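Please open the model in a viewer and keep the selection panel at hand. The tour below proceeds one selection at a time.

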Amino acid sequence: MSELIRVESLRKTYQVRNAWGRRTGTLDAVDGVDLTISAGETLGIVGESGSGKSTLGRLILQMEQPTAGSVIYDGRDLSTMSRRERYARRGEMQVIHQDPYSALNPHRSALASVMEPLTARGTPADAAATIAREALTAVGIDQDAVHKRPRAFSGGQRQRIAIARAIAPRPAFIVCDEPVSALDMSIQAQVTDLLQKLQREFDLTYLFISHDLSVVREIATRTAVMRRGRIVELAPTAELFDAPQHPYTRRLLEAVLVPDPESARERLAHVASRPAAEASASDGPLVEVAPGHFVASSPL
Ligand SMILES: Nc1ncnc2c1ncn2[C@@H]1O[C@H](COP(=O)(O)OP(=O)(O)OP(=O)(O)O)[C@@H](O)[C@H]1O
Ligand SMILES: [Mg+2]
């Protein structure tokens, strides 16, 4: 598979402020990440809350400027792209969030919401309406419902509309940031199935961020584990789950390998809240331990 995205030494440092707005320090939300994403694959990103998954996604999408490092998309360094070129290629990368409300205007119909990113880029209204209707059909929204507002739809349907909005501009790459986490368990599988169907139909490449290891195990080609802004392990998904190498990956997997989902959630929360037993030392650089299987070397 050919390389679509390359991330090199990517870093994002935030100022940390106290309740009075005074700077009290800095936080490396993304702390030197290197990775590649192949065209057509789904790269899963897992890791506890605050490990930097969403920040990594936003940096790749250029929604935020990195403090250091670069994102190479289709052979072009995005930070050095001219404004005109960036504008022309704006539809190529999209995002699907956990909460469809963040993508949908409550006062607009489903059709208008899906048309908006197209008309904003200069697509004439009638052509945009045609494309938007096709996208809504592709995600399973009936034509006679397209004039309804988000409130009239169920949570799962709203997420389908947000997905239609993301695919309408014909992107090559989509960051799916916890796309099913807010949905009922019974709906989650339908929406992940839909994402997989759309991937095949439209040749999409996904960065798939999730807390839910079972979802990632099902749909990711490769999976990366993040901790404190760094990737501690990256491997083909089956290998990561069957032969995890890094102690943190093992802990994460152990926490969910219990039959009762309720207690699995509790145990995950426990992993997340436990101060890292390996002290505050950072993980070292990634070492390839088997073909395509990378593990952070011992703490520096
Ligand atoms: N705009 C910001 N300003 C300051 N700190 C931020 C900002 N955005 C994120 N952070 C911090 O950066 C760290 C990484 O956040 P991020 O949202 O990327 O984590 P995450 O892995 O997506 O977590 P979650 O699983 O809860 O979504 C966190 O400590 C967060 O508080
Ligand atoms: Mg997040």
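The stops run from the whole chain to a group of helices and then to single residues.

**The whole chain**

Begin with the full chain, bearing in mind that this is a predicted model. Coloured by secondary structure, the chain shows 10 helices and 12 strands. Its radius of gyration is 20 Å, close to the 19 Å given by the globule rule for 300 residues, so the chain is as compact as a globular protein of that length. Along the principal axes, the C-alpha atoms fill a box of roughly 60 × 50 × 50 Å. Of the 300 residues, 46% are buried. If contacts are drawn between residues at least 6 apart in sequence, 64% of them join residues at least 24 apart.

**Helix H3**

Next, select residues 110-119, which form helix H3. How many of its 10 residues are buried? The count is 7, and the helix is thus described as mostly covered. To see them, show the side chains of Ala110, Leu111, Ser113, Val114, Met115, Pro117 and Leu118. In an α-helix there are 3.6 residues a turn, so residues three or four places apart point the same way. The elements against which the buried residues of H3 pack are helix H4 (125-138) and helix H5 (155-167). Add both to the selection.

**H3 against H4**

Hide H5 for the moment and keep H3 with H4. The axes of these two helices come within 8 Å and cross at roughly 125°. H3 and H4 are therefore oblique to each other, and their crossing is right-handed. On the H3 side, the contact is made by Ala110, Leu111, Val114, Met115, Leu118 and Thr119. On the H4 side, select Ala125, Ala128, Ala129, Ile131, Ala132, Arg133, Ala135 and Leu136. Coloured by class, the residues of this contact divide into 12 nonpolar, 1 polar and 1 charged.

**H3 against H5**

Now hide H4 and bring back H5. Are H3 and H5 roughly parallel or oblique to each other? Their axes come within 8 Å and cross at roughly 25°; angles under 35 degrees count as roughly parallel, and H3 and H5 are therefore roughly parallel to each other. The crossing of this pair is right-handed. Select Ala110, Ser113, Val114, Glu116 and Pro117 in H3, which meet Ile161, Ala164 and Arg165 in H5. By class, this contact has 5 nonpolar, 1 polar and 2 charged residues.

**H4 against H5**

Complete the set by showing H4 with H5. These helices pack at an angle of about 130°, with their axes 9 Å apart. That angle makes H4 oblique to H5, and H4 passes H5 in a right-handed crossing. The residues to display are Ala135, Leu136 and Ala138 in H4, which meet Ile161, Ala164 and Ile167 in H5. The contact of H4 with H5 comprises 6 nonpolar residues, with no polar and no charged ones.

**Ser113**

Return to helix H3 and centre the view on Ser113. At 2% relative accessibility, Ser113 counts as buried. Leaving aside residues up to four places away in sequence, the residues that Ser113 touches are Leu104, Asn105, Arg108 and Arg165. Arg165 is also among the H5 residues in the contact with H3.

**Val7**

Move to strand S1 (residues 3-17) and select Val7. Val7 counts as buried, with 2% relative accessibility. Beyond residues up to four places away in sequence, Val7 touches Val33, Asp34, Leu35, Ile60 and Ser70. To relate this site to another part of the chain, draw a C-alpha to C-alpha distance from Val7 to Ala166: the two are 22 Å apart in space and 159 residues apart in sequence.

**Two loop residues with positive phi**

Finish with two backbone positions. Most residues other than glycine have a negative phi. Select Arg170, in the loop between H5 and strand S7 (173-177). Although it is not a glycine, Arg170 has a positive phi of about 55°. Is Arg170 buried or exposed? Its relative accessible area is 52%, and Arg170 is exposed.

The last selection is Asp203, in the loop between helix H6 (185-202) and strand S8 (205-209). Asp203 is not a glycine either, yet has a positive phi of about 55°. At 63% relative accessibility, Asp203 counts as exposed.

Terms used. Residues are numbered from 1 along each chain as its sequence is written. Chains are lettered from A and ligands numbered from 1 in the order in which they are written. This is a predicted model: local features need pLDDT of at least 70, side-chain atom pairs count only at pLDDT 80 or more; totals for chains, interfaces and linings use all residues. Side-chain values use heavy atoms; hydrogens and water are left out. Buried means under 20% relative accessible area, exposed over 50%, partly exposed in between (1.4 Å probe, protein chains only). Helices (H or I, at least four residues) and strands (E, at least two) are DSSP runs, numbered from the N terminus. Contact means heavy atoms within 4.5 Å. Axes are lines fitted to C-alpha atoms, for helices over the stretch in contact, and angles run from 0 to 180 degrees between N-to-C directions. Angles under 35 degrees count as roughly parallel, over 145 as roughly antiparallel, 65 to 115 as roughly perpendicular and the rest as oblique. A crossing is left-handed if the near helix is turned anticlockwise from the far one by less than a right angle, and right-handed if clockwise. Ala, Val, Leu, Ile, Met, Phe, Trp, Tyr, Cys and Pro count as nonpolar, Asp, Glu, Lys and Arg as charged, and the others, Gly among them, as polar. The radius of gyration is taken over C-alpha atoms; the globule rule is 2.2 Å times the number of residues to the power 0.38.
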